Amino acid sequence: MRAMVYRGPYRVRVEEKPDPRIEHPNDAIVRVTRAAICGSDLHLYHGMMPDTRVGHTFGHEFIGVVEEIGSSVQNLQVGDKVMVPFNIFCGSCFFCARGLYSNCHNVNPNATAVGAIYGYSHTTGGYDGGQAELVRVPFADVGPSVIPDWLDDEDALLMTDALATAYFGAQLAEIAEGDTVAVLGAGPIGLYAARSAWLMGAGRVVVIDQLPERLEKARTFAHAETINFTEVDDVVLEMKRQTDHLGFDAVIDAVGAEADGNMTQHLTSARFKLQGGSPVALNWAIDGARKGGVISVVGAYGPMFSSVKFGDALNKGLTLRMNQCPVKRQWPRLLEHVRNGYFKPSDIVTHRIPLEHIDEAYHLFSAKLDGCIKTVIIPDAS
Amino acid sequence: MERTDTEHPPVYTHRKPPLPETPEQLRARIPGWGADLDPADRPSYPREVAADTGAHWDLPEPQPEHGERERSIEHGMLTPVFGTAQPLHGLSGAVRRYAYRRHSEGKAMHWLLLLAADRVDVTEHVVRSFATLRPDNPVTETGIRAELRHGGSRFGQGRSDIRHQAIDPVVNGAPWVAGALGAAWAVRRLVRR
């Protein structure tokens, strides 16, 4: 099969690889029809995630058609069109039994600090991902769902991570009616999180970023106010000014490990890998929230330590909530919202690129060229 | 919003700053506003809840092992299911094996060794690729062609990432330049003999 492979930091290409095979009775093999590049794939691409091996195929956002099933699979049939959550999970361990699917204990031998994710290094289990023609899907009876007839393919694709994670992030922010909510980052997660905050009754939503086209999308798609942090001297001061010096009731970090805005933090994390991530956005969240406020973190960070302003979080009595999203738990309610027209997930897709041009797709997204917000990969474009 | 009530300023009294729009205005302007106002309608509330997952096992059947599978020493056993992509190999494999066997995830050394092994792995593959019909290409694999196909100017927008984008080629190109110089030096030494 043709698949994206990692060759080293900032280098990827398409290669011919052996087809994946059934390795466990509850596996399925899925022929990928659409995949996406996630902002968190860039942490792998930039060489920040420990145990990212040369030859690894990335991609944890994908949909496809079931090509083959293992002997114990009961809930799927060959030919089913499925959307696959980015989490690999067993459905029966201590954590899955409590709905914490992203924290499954039965799927990632490499680490206990994180569950398993498709195509996201060996630190999350060593599974090749979906930026390929075919992918192995473990626990086929638990993870994937058949795509409803009424749902567009690209909308289904965005349910597998971006929309679900953002919706989850807004829930972590514990928004009550009339709350002021700041969202750091106007990428796909930030845009959807801003939109989700309104569903939960937010009274004001302010999105903070530096890219004019993304901030425009925040105003039009997410109905939010915006702050361009490069146009203000001090973004924390601006957050205070905008809230009459109270600070925001809730702040959502939708940026994660490669936050810009502080050269020292950026160099020590993204360039020289001395931190698990640049906590610029997280520190802005801590300082821009009101005392007693809530910080929701859905931006991804690596397993190493980061220089977080923890004293401020303590002294302000903040609640910090975070997790990888248990995607499948979000789907029933999210599907209702999509069907009601509260979301049109694919509205944020800006680029559709054949798998054969995967190197360009990564550079485009990484360097944020051409107004790129979300890139969809088409494996069978030929 | 700037504070206007100097006699009874919000925050310095019990008052919360006023919102620019009422719930009715928000409901009229934003599709779905307040649909999940009740936390009970939010899928991840409460945080822990049991549901039917589709699992028809208590402990999943173990996936057959083919050869060595490294694991965190914080795990009590090999997990029933695991990824089989890119098994350990070569010097990078030895470093990774040591990182997994010797250090828990709580130790920075665990992660630093894995990051170091990643760099060794890249070097091993670059060198090996020159013995194949498709050697690594440090230019095309960066996707730099996107600059032509999807370029457009990223300057003049005040973007803070422009500054470090300028040093990216230096950081990323340095190992290739060092490798090329080292190879040239070795060839010269051989020729002089």
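The buried residues of helix α10 of chain A are covered by elements that include β6 (87-88), α2 (153-159), α3 and α4 of chain A. In this predicted model, the residues of α10(A) that count as buried are V327(A), K328(A), R329(A), Q330(A), L334(A), H337(A) and V338(A). The length of the helix can be checked with simple arithmetic: at 1.5 Å a residue, its 13 residues should span 18 Å, and the end C-alpha atoms are indeed 18 Å apart, so the two values agree. The helix nevertheless carries a kink of about 40°, centred on R333(A). After α10(A) comes G341(A), a residue with a positive phi near 85°.

G341(A) also leads across to the other chain. Together with Y342(A), it is in contact with P31(B), once the neighbours of P31(B) within four places in sequence are left aside. P31(B) itself sits in the loop between α1 (23-29) and α2 (90-102) of chain B. With 16 other C-beta atoms within 10 Å, P31(B) is partly exposed, because a residue needs 20 or more such atoms to be buried and 12 or fewer to be exposed. The loop between α1 and α2 of chain B also holds P46(B). The peptide bond leading from Y45(B) to P46(B) is cis, with omega near -10°.

The contact between the two chains can also be viewed as a whole. In total, 88 residues of chain A are in contact with 84 residues of chain B. On the side of chain A that touches chain B, two or more residues come from each of β1 (2-8), β2 (11-16), α3 (162-172), α4 (188-199), α7 (263-271), α10 (327-339) and α11 (358-366) of chain A. The largest share, five residues, is given by α11(A). Sorted by class, this side of chain A has 33 nonpolar, 34 polar and 21 charged residues.

Attention now turns to the sheet of chain A. Six strands form an open sheet in the order β12-β11-β10-β13-β14-β15 (chain A), and their pairing is parallel. At its edges lie β12 (225-228) and β15 (319-322) of chain A, each of which pairs on one side only. From one strand to the next, the twist averages 20°. As background, strands of a sheet pair through backbone hydrogen bonds, either parallel or antiparallel.

Several of these pairings can be followed strand by strand. Strand β10 (residues 180-184) of chain A pairs with strand β11 (residues 204-209) of chain A in the parallel sense, over five bridges. Within this pair, V181(A) stands opposite V205(A) in β11(A). Further along the sheet, β13(A) and β14(A) run parallel and are joined by five bridges. Here F248(A) has A289(A), in β14(A), as its bridge partner. From β14(A), four bridges lead to β15(A), again with the strands running parallel, and S296(A) stands opposite R321(A) in β15(A). Strand β14 (residues 289-297) of chain A is mostly covered, with seven of its nine residues buried.

Two loop residues of chain A have a backbone angle worth a closer look. E174(A), in the loop between α3 and β10 of chain A, has phi near 50°, a positive value in a residue other than glycine. D244(A), in the loop between α6 (235-242) and β13 (248-253) of chain A, likewise is not a glycine and has a positive phi, near 60°. Their surroundings can be read from the count of C-beta neighbours inside 10 Å. For E174(A) the count is 18, so this residue is partly exposed. For D244(A) the count is 21, and this residue therefore counts as buried.

In chain B, helix α5 (residues 161-192) gives another chance to compare an expected length with the model. At 1.5 Å a residue, its 32 residues should span 46 Å; the end C-alpha atoms are 47 Å apart, which agrees. A kink of about 40° lies at G173(B) in α5(B), shortly before the proline P175(B). How many of the 32 residues of α5(B) are buried? The count is zero, and the helix is hardly covered.

Technical notes
Residues are numbered from 1 along each chain as its sequence is written. Chains are lettered from A and ligands numbered from 1 in the order in which they are written. This is a predicted model: local features need pLDDT of at least 70, side-chain atom pairs count only at pLDDT 80 or more; totals for chains, interfaces and linings use all residues. The expected span of a helix is 1.5 Å times one less than its number of residues. The bend at a residue is the angle between axes fitted to the seven residues ending there and the seven starting there. Two residues are in contact if their C-beta atoms, placed from the backbone, lie within 7 Å. Ala, Val, Leu, Ile, Met, Phe, Trp, Tyr, Cys and Pro count as nonpolar, Asp, Glu, Lys and Arg as charged, and the others, Gly among them, as polar. Two strands pair if DSSP finds at least two bridges between them. Axes are lines fitted to C-alpha atoms, for helices over the stretch in contact, and angles run from 0 to 180 degrees between N-to-C directions.
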